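Okay, thanks everyone for coming. I'd like to walk you through one structure today, so have a look at it first and then we'll go through it together.

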Amino acid sequence: MAGHLETGSTTDGTLAADTYPRKILEYMEGFLISKTLFTSCELGVFDVLLSAGRPLSAEEICQAVGASLDGTERLLAACTGLKLLNTHRDNGRVFYSNTEQASVYLTRSSHLSLHQSIQYNSRTIYLCWHHLTDAVREGRNQYEKAFGVSSEDLFQALYRSDEEMVKFMQLMNSIWNICGRDVVTAFDLSPFKVICDLGGCSGALTKQCTSAYPECTVTIFDLPKVVRTSREHFVTEADQRISFHEGDFFKDPLPEADLYILARILHDWTDDRCVELLTRAYKACKPGGGMLLVEALLHEDGSGPLTVQLYSLNMLVQTEGRERTAAQYAALLAAAGFTNIQHRHTGKIYDAVLGRKET
């Protein structure tokens with residue numbers, strides 16, 4: 001029987017003295033890693049090192065970012081331990097440089113930068129998660145406690161100021177710059193010439209569509225203030241195959257299209273609201289057209305992936321919705337009338353589900 005005991009257990013079921021709760025300690029202190037990353041980006045550590053073009057000392061970095069030498073040395077040591085920075089030693093002195101990943105993903109100037117996404121996590125999502133216990137107890141989002149704004153209208157809360165709206169749109173931009181190509185090419189969308197990106201926000205995923213499918217045109221459908229901001233900051237006149245349509249997709253007529261895209265939209269809403277929106281799109285969709293959903297998919301038994309399980313908690317804290325399985329999304333599409341429903345995994349955070357409207 002002894003051969004079947006788990007490591008660290010004794011015959012009476014108690015834990016052996018040499019047991020060390022490594023995983024639990026890692027989980028307990030995981031926020032320390034997040035805040036180290038958030039602070040390094042906020043101070044501009046990686047930007048300073050990229051601009052210098054050579055390794056810098058802690059003294060040079062602290063002067064450049066306007067921080068104390070002691071605090072900077074500790075922050076740089078932690079970033080080195082996290083493999084975000086490289087160290088170089090010369091005559092007893094330590095110099096720092098970015099790792100390749102830090103230069104690509106953590107500097108503001110990189111076209112693949114996650115800097116804005118990191119700032120949104122730090123200044124918005126992190127504050128909501130202070131109230132996770134309340135969210136679990138109450139079963140609803142925590143915008144009112146976190147920011148003092150009513151969450152009765154979800155996007156009034158999300159877009160509670162122009163600054164907050166731009167931050168959210170920059171978050172979307174950074175995500176689709178990394179994952180967008182994979183989701184729009186998970187299925188061959190070339191037969192769909194007229195596409196409508198519902199809740200298309202900054203237009204980053206729309207740009208991935210027009211890049212992957214040169215013969216398509218895409219209309220971004222979003223709230224008037226989102227459209228205005230997108231035109232001002234994200235979509236230029238050079239993007240000639242991209243147009244805009246202002247409206248509320250729950251209230252206003254949807255433009256006719258061959259394909260509708262709902263990317264990171266349905267996870268914001270309850271099942272009833274999802275079916276309501278999908279039904280509106282189904283009625284507007286041309287015969288033979290389709291609906292592409294882009295979401296992070298749970299395993300069918302709910303056992304993972306861990307990232308998506310955590311995202312579902314985040315949906316509880318921030319929205320009315322949840323993350324779902326491919327089968328659950330298929331059921332929502334079927335309830336709205338779509339058929340021939342398929343899903344494809346991309347191997348990254350977001351996956352694709354495609355439903356068709358019969359001819």
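**A walk through the model**

Let's start with the whole chain: of its 359 residues, 46% are buried. Keep in mind that this is a predicted model. The C-alpha atoms fit in a box of roughly 70 × 65 × 40 Å along the principal axes. In terms of secondary structure, we have 16 helices and 12 strands. And if you take the contacts with a separation of 6 or more, 67% of them are between residues 24 or more positions apart.

Okay, on to the sheet. What is the strand order in the open sheet of seven strands? Reading across, you get β6-β5-β4-β7-β8-β12-β11, and the pairing is mixed. At the edges sit β6, residues 242–246, and β11, residues 339–344, each of them pairing on one side only. From one strand to the next, the twist averages 20°.

There's a helix on this sheet, too. That's α11, residues 162–184, and it packs against β7 (257–263), β8 (285–295) and β12 (351–356). Its direction makes about 135° with that of β8.

Now let's zoom in on the β4, β5 and β6 part. A quick reminder: strands of a sheet pair through backbone hydrogen bonds, either parallel or antiparallel. Here, β4 (residues 194–198) and β5 (residues 217–222) run parallel and are joined by five bridges. If you want a pair to click on, L198 has F221 as its bridge partner in β5.

On the other pairing, β5 with β6, we also have the parallel sense, over five bridges. There you can find D222 opposite E246 in β6. To get from β5 to β6 the chain goes through α13, and this β-α-β crossover is right-handed. The helix itself, α13, covers residues 224–233 and lies across β5 and β6, at about 155° to β6.

Next, cysteines, as somebody always asks. How many disulfides does the structure hold? Zero. Just to be clear on terms, a disulfide is a covalent bond between the sulfur atoms of two cysteines. So why is C196 not bonded to C285? The C285 sulfur is the closest cysteine sulfur to that of C196, but at 10 Å it's too far for a bond. C196 is also buried, with a relative accessible area of 1%.

Then there's C216, which is in no disulfide either: its nearest cysteine sulfur belongs to C209 and is 5.8 Å away. For a disulfide, the two sulfurs would have to be within 2.5 Å. Is C216 buried or exposed? At 2% relative accessibility, C216 counts as buried.

Let me show you one residue in the middle of its contacts: L293, in strand β8. It has a relative accessible area of 1%, and the cut-off is under 20%, so L293 counts as buried. Which residues does L293 touch? Leaving out anything up to four places away in sequence, the list is L262, L266, L278, Y329, L333, D351, A352 and V353.

Moving to a helix pair: α7, residues 115–129, and α15, residues 306–318. Their axes come within 9 Å and cross at roughly 75°, so α7 and α15 are roughly perpendicular to each other. At the contact, α7 brings Y120, T124, I125, C128 and W129, and these meet L310, L313, N314, V317 and Q318 in α15.

Last stop, a few backbone oddities to look at. G304 and P305 are joined by a cis peptide bond, with omega about -10°. P305 sits in the loop between β9 (297–298) and α15.

Then we have K83, which is not a glycine but has a positive phi, near 65°. You'll find K83 in the loop between α5 (69–81) and β2 (85–90). Is K83 buried or exposed? With 66% relative accessibility, K83 counts as exposed.

N340 is another residue other than glycine with a positive phi, in this case near 50°. Where is N340? N340 is in strand β11, and β11 is one of the edge strands from earlier.

That's my tour, so over to you for questions.

How values were computed:
Residues numbered from 1 in each chain as written. Predicted model: local features only at pLDDT ≥ 70, side-chain atom pairs only at ≥ 80, totals over all residues. Heavy atoms only, no water. Pairing = 2+ DSSP bridges. Helix = DSSP H or I, 4+ residues; strand = E, 2+ residues; numbered from the N terminus. Axes fitted to C-alpha atoms, helices over the stretch in contact; angles between N-to-C directions. Contact = heavy atoms within 4.5 Å. Buried < 20%, exposed > 50% of the residue type's maximum accessible area, 1.4 Å probe, protein only. Right-handed = clockwise from strand over helix to strand, strands pointing away. Parallel < 35°, antiparallel > 145°, perpendicular 65-115°, else oblique.
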